[in-house]
Amino acid sequence: MIQRLKTYWRENPKVRQEVGRIVRFGITGTTCSLIHYGVYCLILLFANYNIAYTGGYACGLIVNYFLTTYFTFRKKPGKGNLAGFIGSHILNYLLEMGLLNLFVWIGLGHWLAPICVMVIVVPINFLILQLVYTFKRKH
């Protein structure tokens with residue numbers, strides 16, 4: 001069984017490429033989520049949770065664009081991926097704010113709610129960014 005897996009892995013470069021991209025996305029997502037949550041916690045000490053979440057999101061977003069572009073998808077920054085990245089993150093931000101307020105409303109608290117939000121939205125964000133960075137336009 002292990003030998004079959006090794007053979008499959010060796011003979012399928014697209015599978016290796018996709019697994020590598022998923023691992024790199026996990027590293028990028030973890031890094032940016034830690035930045036986001038860290039800034040959120042700092043701002044939460046003196047501001048309301050919506051403002052804190054927005055501040056954390058903005059800081060994480062800047063780092064996220066460069067890591068996603070250069071590291072995860074191994075592309076160069078450009079108008080197309082920047083526009084797609086910003087568009088996907090506008091949708092992502094609205095979803096996150098809705099979930100954050102829902103989770104706080106049901107009683108998860110200001111410290112736990114953002115973690116639950118990130119668990120839900122990170123896989124969704126990966127799928128959206130996958131389209132942004134791998135979509136080929138027909139000329």
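The following legends describe close-up views of one predicted protein model.

**Figure 1. The overall fold of the predicted chain is built from helices, with zero strands.** The protein chain contains five helices, and, read along the sequence, it follows the pattern α-α-α-α-α. Its C-alpha atoms fill a box of roughly 55 × 45 × 20 Å, taken along the principal axes. Of the 139 residues in the chain, 33% are buried.

**Figure 2. The largest cavity is lined by residues from several helices.** A search of the whole structure finds one cavity of 30 Å³ or more. The volume of the largest cavity is about 220 Å³. Its lining consists of 18 residues, and those nearest its centre are Cys 32, Ser 33, Asn 64, Glu 96 and Asn 125. Helix 2, helix 3, helix 4 and helix 5 each give two or more residues to this lining. Which helix supplies the largest share of the lining? That share, six residues, comes from helix 2. Sorted by class, the lining of the largest cavity has ten polar residues, seven nonpolar residues and one charged residue.

**Figure 3. The second largest pocket is lined by residues that include parts of helix 2 and helix 5.** This pocket has a volume of about 160 Å³. Thr 30, Ser 33, Leu 34, Tyr 37, Ile 115, Met 118, Val 119, Val 122 and Pro 123 line the pocket. The elements that contribute two or more residues to the lining are helix 2 (13-44) and helix 5. Helix 5 gives the most, with five residues. The lining has seven nonpolar residues and two polar residues, but no charged residues. Ser 33 appears in this lining and is also among the residues nearest the centre of the largest cavity.

**Figure 4. A nonpolar patch lies on the surface of the model.** The patch is formed by Leu 95, Leu 102, Trp 105, Ile 106, Leu 108, Leu 112, Ile 115, Val 119, Ile 120 and Ile 124. Together, these residues have about 920 Å² of accessible area. The elements that give two or more residues to the patch are helix 4 (79-105) and helix 5 (113-134). Helix 5 gives the most, with four residues. One member of the patch, Ile 120, is found in helix 5. Is Ile 120 buried or partly exposed? Ile 120 counts as partly exposed because its relative accessibility is 36%. Ile 115 and Val 119 belong to the patch and also appear in the lining of the second largest pocket.

**Figure 5. Arg 21 and Glu 18 form a salt bridge.** The structure holds one salt bridge. In this contact, the side chains of Arg 21 and Glu 18 meet at 3.5 Å, N to O. Because Arg 21 and Glu 18 are three residues apart in helix 2, they are separated by about one helical turn. How do the two partners compare in accessibility, buried or partly exposed? Arg 21 counts as buried because its relative accessibility is 10%, whereas Glu 18, at 25%, counts as partly exposed.

**Figure 6. Ile 22 and Thr 72 are separated in sequence by 50 residues.** In space, the C-alpha atoms of Ile 22 and Thr 72 are 7.9 Å apart. Ile 22 is located in helix 2. With a relative accessibility of 46%, Ile 22 counts as partly exposed.

**Figure 7. Ala 113 is a buried residue of the model.** Ala 113 is found in helix 5. Its relative accessible area is 0%, so Ala 113 is buried. Along the chain, Ala 113 and Gly 84 are 29 residues apart. The C-alpha atoms of Ala 113 and Gly 84 are separated by 27 Å.

**Figure 8. Arg 74 has a positive phi value.** Arg 74 is found in the loop between helix 3 (49-72) and helix 4. Its phi is near 50 degrees, a positive value in a residue other than glycine. Most residues other than glycine have a negative phi. Is Arg 74 buried or exposed? Because its relative accessibility is 58%, Arg 74 counts as exposed.

Technical notes: Residues numbered from 1 in each chain as written. Predicted model: local features only at pLDDT ≥ 70, side-chain atom pairs only at ≥ 80, totals over all residues. Heavy atoms only, no water. Patch = residues over 30% accessible without salt bridge, like charges linked within 9 Å, V, L, I, M, F, W, Y side chains within 5 Å. Areas by Shrake-Rupley, 256 points an atom, 1.4 Å probe, with all protein chains shown as cover. Salt bridge = Lys/Arg side-chain N within 4 Å of Asp/Glu carboxyl O. Buried < 20%, exposed > 50% of the residue type's maximum accessible area, 1.4 Å probe, protein only. 1 Å grid on protein atoms, 1.4 Å probe; cavity = no way out; pocket = protein on both sides within 12 Å on 5 of 7 lines; lining within 4 Å. Points joined across faces, edges and corners; volume = space filled by probe spheres on them. Nonpolar A, V, L, I, M, F, W, Y, C, P; charged D, E, K, R; others polar.
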